[in-house]
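Hi everyone, thanks for making time today. I'd like to walk you through a structure that may be new to you, so let's put it up on the screen.

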Amino acid sequence: MIELKSGLIVSKIKDGTVIDHIPAGRALAVLKVLGIRGIEGSRIALVMNAESSKYGRKDILKIEDRTIEEKEAELITLIAPEATINIIKEYEVVGKRKQEIPDFITGLLKCSNPSCVTNNDPEAVSKFRTIVKRPIVLSCTYCETRLTEDEVMRQILG
């Protein structure tokens, strides 16, 4: 078991995923991206606004019997750029992924410009170039329309 400074005790999971360093208040958004509603039957631990020496406050998710797919990891990165994804096997961390916001994001978001080719040609796939990583600002490679972090969050959680 892990005891946090507040005295809260969160038990270890045998197999699954721990997502740490989620910005405070965004763990519920991560759960939504993962399609987790709480009725799946797996044990989930959600800690929100935990003290963090590095970030001040953070959220933590522990999801038993679940691995994170690459597309899910990319979406998590857009919601929680500082997040670390830890893979747990037999109560031990066997893998640790620190995602980076990529230079280009393809097929995950929609251009907000209704005239953009990606919204009018079924064969065109959206592609955004990262202009700023924190707070995130993206630019459509076709029409140069910019998406702010708020717009990215709205699309992902929409």
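Let me start with contacts that bridge distant parts of the chain. Among the contacts in this protein with a separation of 6 or more, 56% are between residues 24 or more positions apart. Please keep in mind that this is a predicted model.

Now for the overall layout. The protein has three helices and eleven strands. Reading from the N terminus, the order of elements is β-β-β-α-β-β-α-β-β-β-β-β-β-α. The C-alpha trace spans about 55 × 30 × 25 Å along its principal axes. Of the 158 residues, 42% are buried. The exposed area of the protein is about 9,100 Å², and 49% of that is supplied by carbon and sulfur atoms. As for charge, there are 24 positive and 23 negative charges, and their mean positions are 3 Å apart.

Let's look at one helix, H2, which covers residues 70-79. Why can we call H2 largely enclosed by the rest of the structure? Because seven of its ten residues are buried. The buried ones are Glu72, Ala73, Leu75, Ile76, Thr77, Leu78 and Ile79.

Next, two residues that sit in strands. Glu64 belongs to strand S5, residues 56-64. Is Glu64 buried or exposed? Its relative accessibility is 15%, so Glu64 counts as buried. Which side chain does Glu64 join in a polar contact of 2.9 Å? That partner is Arg43. Setting aside neighbours within four places in sequence, Glu64 is in contact with Ile13, Lys14, Asp15, Gly16, Ser42 and Arg43.

The other one is Thr84, in strand S6, which runs over residues 84-89. With a relative accessible area of 8%, Thr84 is buried too. Again leaving out neighbours within four places, the contacts of Thr84 include Val18, Ile19, Asp20 and His21. Lys96, Arg97 and Lys98 are also in contact with Thr84.

Ile19 comes up again with our next residue, Asn119. These two are 100 residues apart in sequence, and their C-alpha atoms are 33 Å apart in space. Where is Asn119 found? It is in the loop between strand S8 (104-106) and strand S9 (127-133). At 27% relative accessibility, Asn119 counts as partly exposed. Not counting residues up to four places away in sequence, Asn119 touches Lys110, Cys111, Asn113 and Pro114. With Cys111 we can be more specific: a polar atom of the Asn119 side chain lies 3.0 Å from the backbone oxygen of Cys111.

That brings us to the cysteines, and a small puzzle to finish on. How many disulfides does the count come to? It comes to zero. Take Cys116, for which the closest cysteine sulfur is the one in Cys140. The two sulfurs are 3.7 Å apart, which is too far for a bond, because a disulfide needs the sulfur atoms within 2.5 Å. Seen from the other side, the closest cysteine sulfur to that of Cys140 is in Cys116. Both are buried: Cys116 has 1% relative accessibility, and Cys140 has 2%.

That's my tour. Thanks for listening, and I'm happy to go back to any part of it on the screen.

Key:
Residues are numbered from 1 along each chain as its sequence is written. This is a predicted model: local features need pLDDT of at least 70, side-chain atom pairs count only at pLDDT 80 or more; totals for chains, interfaces and linings use all residues. Side-chain values use heavy atoms; hydrogens and water are left out. Buried means under 20% relative accessible area, exposed over 50%, partly exposed in between (1.4 Å probe, protein chains only). Helices (H or I, at least four residues) and strands (E, at least two) are DSSP runs, numbered from the N terminus. Contact means heavy atoms within 4.5 Å. Accessible areas come from the Shrake-Rupley method with a 1.4 Å probe; for residues, only the protein chains shown count as cover. Lys and Arg count as positive and Asp and Glu as negative; His and the chain ends are not counted. The place of a charge is taken as NZ of Lys, CZ of Arg, CG of Asp or CD of Glu. A polar contact is a pair of N or O atoms within 3.5 Å; within protein, one must be able to donate a hydrogen and the other to accept it, and residues adjacent in sequence count only if both atoms are side-chain atoms.
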